[in-house]
Each structure stands twice: as C-alpha cells, then as structure tokens.
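Thanks for making time this morning. I would like to walk through one chain, starting with its overall form and ending with its internal empty space.

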Amino acid sequence: MFGIDRLRALAAVAAHGSIAQAARALHMTASGVSQQLAKLEREAGHALLEPDGRSVRLTHAGRILAGHADLLLTQLAAAQGDLADLGQEVLGPLRIGGVGSAVRTLLPDALAALTADHPRLRPTVVDGESVDLMPRLIHGELDLLLIESWAGRPVPAPEGVTLRTLVSEDVHVALSERHPLSDRRTVDLADLAGTAWACCPPGTAPHEALVQALRSRGVEPDIRYLLAEHATQLALVARNLTASLVPAMSARPAPPGVRLLATRPALRREIRAAWLTRAESPPVRACVAAVEAHCRSTGEGPPAEGGASAPAVPEPGGA
C-alpha cells in the first residue's frame, strides 16, 4: 500500500523536476522529501529516481507510478471537495421510490428542473407500492419516497420517518359508458352491489381502501382483476368488464368509453413525500421542493386552509 504523502512527493518531483523544487512546493525540507521517496521505493519494489548530473530524474518505473499518483491525487481532491460541499451542495446519488402515478405525473418535470440546476446530482427511480417501498426506506436502500395515503386508510408514519403531503385529490369510480349507472354524476357505492371490480393487489393501499369503502356501504367486493396499474384497469373498464376506483392523477387521460363519477361517500387520496428524518440531506430537500413547485405550477397540491380541494378530473363525454 502506497502512502498518500509519499505519492504526493513523487508527483511533485515529476512536476517540478527536482527534489529541491518539490520540497518548496510542498513546504517541506529536501531531506523530508528524500525520506518519503526512499520509503516509496521500498513499497514499490523499484527504483523510482536516478542521478541526473547534480539532480535526479524519474526512472521508467517512477514515471509510471507518478502518472498513477497524479490520478489518485486528483480523485482524492475531488472527494475532499465533495465532502466539503455536502452541507450545501445538491450532489451525489438520490435514490427515489414512488407509486406509479406519482412517478409518472410528478417526477419527470421536477427531476428535469432539478438536474438542470444541479448537474452533479445523480437521481435513480424505482416504482412500486407503498407497502413494499417503506421498508426499503427504513433500511437505508432508498432516500425519498412518493407514496399514497387513502382517506380512511392513512399511511402509518413509522418512527423516525418524516411525511409531507404533496397532493390531495378526489377519487372517482370509473365505469364503462355502457354501464347502466354511467349517466350519473355521483354514484353511491351501495348501488354498485354485484359489480365486478379491478384493483391493485391485496395488501396495497388502493385494495384496502376499496374493500373498506364498499363494506362501509354494505357491499361485499367482487374483485376479479388484480392489476397494479390503473391504466390497465381502465382498459378493462372501457370494455365494460369491470369498475375501478381511480384517483384523479391516475385518470389522466381516461381512455375513450370510460366515465368518471364522484362517489358517495366521497373518497380522497394523498401523495406524500417520506424520508428518514435523521438522513435528511440537501438532495432530499431539493427534490421535495422541486415536486412542490411542480404541483403549484399545475394547480395540484394539498387542500388550502378552509377546505378548498384539488380540481376534479373532467368526465369524458360531459354530463
């Protein structure tokens, strides 16, 4: 293993052409530089310097090692600079996990703006369900989550995790325009007894929210299609095979032949940012701020004080 100080001495001799000049550049004595070089030769197992009149010059082995020393010292200086910048600079890896609709709708513009402002940031993104992503955050595999929380089934806040609401939106029932109730603006979930449903898999927040909402109206859910993506659910709705509960964000755009109805009781979903409180970093703060800025620019976001809500998704076909 080569000592950094000894590699620095060799690089200085290569750059300045003599031990005396290297010593001045390093603010050392010539004797000190010579001692470092002697130790480096023993570590390398090769002669690194040879006499050149009253001075010295690098041997072939010395030139090879000096080239590596330059690269190592440059990389070391960059590492020291990055560590010094960590308190303020938005740089390095940012590992994001999110539910599909939030990743698709909120992240592209936010990440484009963020990486344009901070080119040394290296974001990575994985999608998934909240129930699977939260353990990865807690275990340090992810830095930031965009997860969903349904009214009546709020996402739990594990100890040490900070949650911030980014979006609050209506949830609609998606029906085929051929469904006998599709001409309504609002449908009571009790009126959908006997209807087949498409939903995310068991254990996910959307699945539990659907089951709870239907049972609260005395309806035992008939869930026939377990599909992670709302877009796939809506494709089946369009063919009059099923109904689906769809948050406003996930219904943009709804395919032809699908009607979106308000529900009784009214249902809502929130998208929340989540991160480990102890691991909050400039990249995490900057990303949350960028998503919030995107939400403001598009009119999305949590309801204002006094109960104003996010705009409803227009129903295809009017009515």
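I will begin with the ground rules and then turn to the chain and its cavity.

This is a predicted model, in which local features need pLDDT of at least 70 and side-chain atom pairs count only at pLDDT 80 or more, while totals for chains, interfaces and linings use all residues. Residues are numbered from 1 along each chain as its sequence is written, and side-chain values use heavy atoms, with hydrogens and water left out.

The chain has 10 helices and 12 strands, taken as DSSP runs numbered from the N terminus (H or I, at least four residues, for helices; E, at least two, for strands). Its C-alpha trace spans about 100 × 40 × 35 Å along the principal axes. Of the contacts between residues at least 6 apart in sequence, 73% join residues at least 24 apart, where contact means heavy atoms within 4.5 Å.

Now to the empty space, where a cavity is a set of points on a 1 Å grid over the protein atoms alone at which a 1.4 Å probe fits but cannot get out, and lining residues have an atom within 4 Å of a point. The count comes to one cavity of 30 Å³ or more, and the largest has a volume of about 40 Å³, volume being the space filled by probe spheres set on the points, which are joined across faces, edges and corners.

Which residues line the largest cavity? They are W150, A198, C199, P206, L210, H230, Q233, S244 and L245, and the elements giving two or more residues to this lining are β8 (196–199), α8 (205–215), α9 (230–238) and β10 (243–247).

How values were computed
On a 1 Å grid over the protein atoms alone, a cavity is a set of points where a 1.4 Å probe fits but cannot get out, and a pocket is an open set with protein on both sides within 12 Å along at least five of seven lines; lining residues have an atom within 4 Å of a point.
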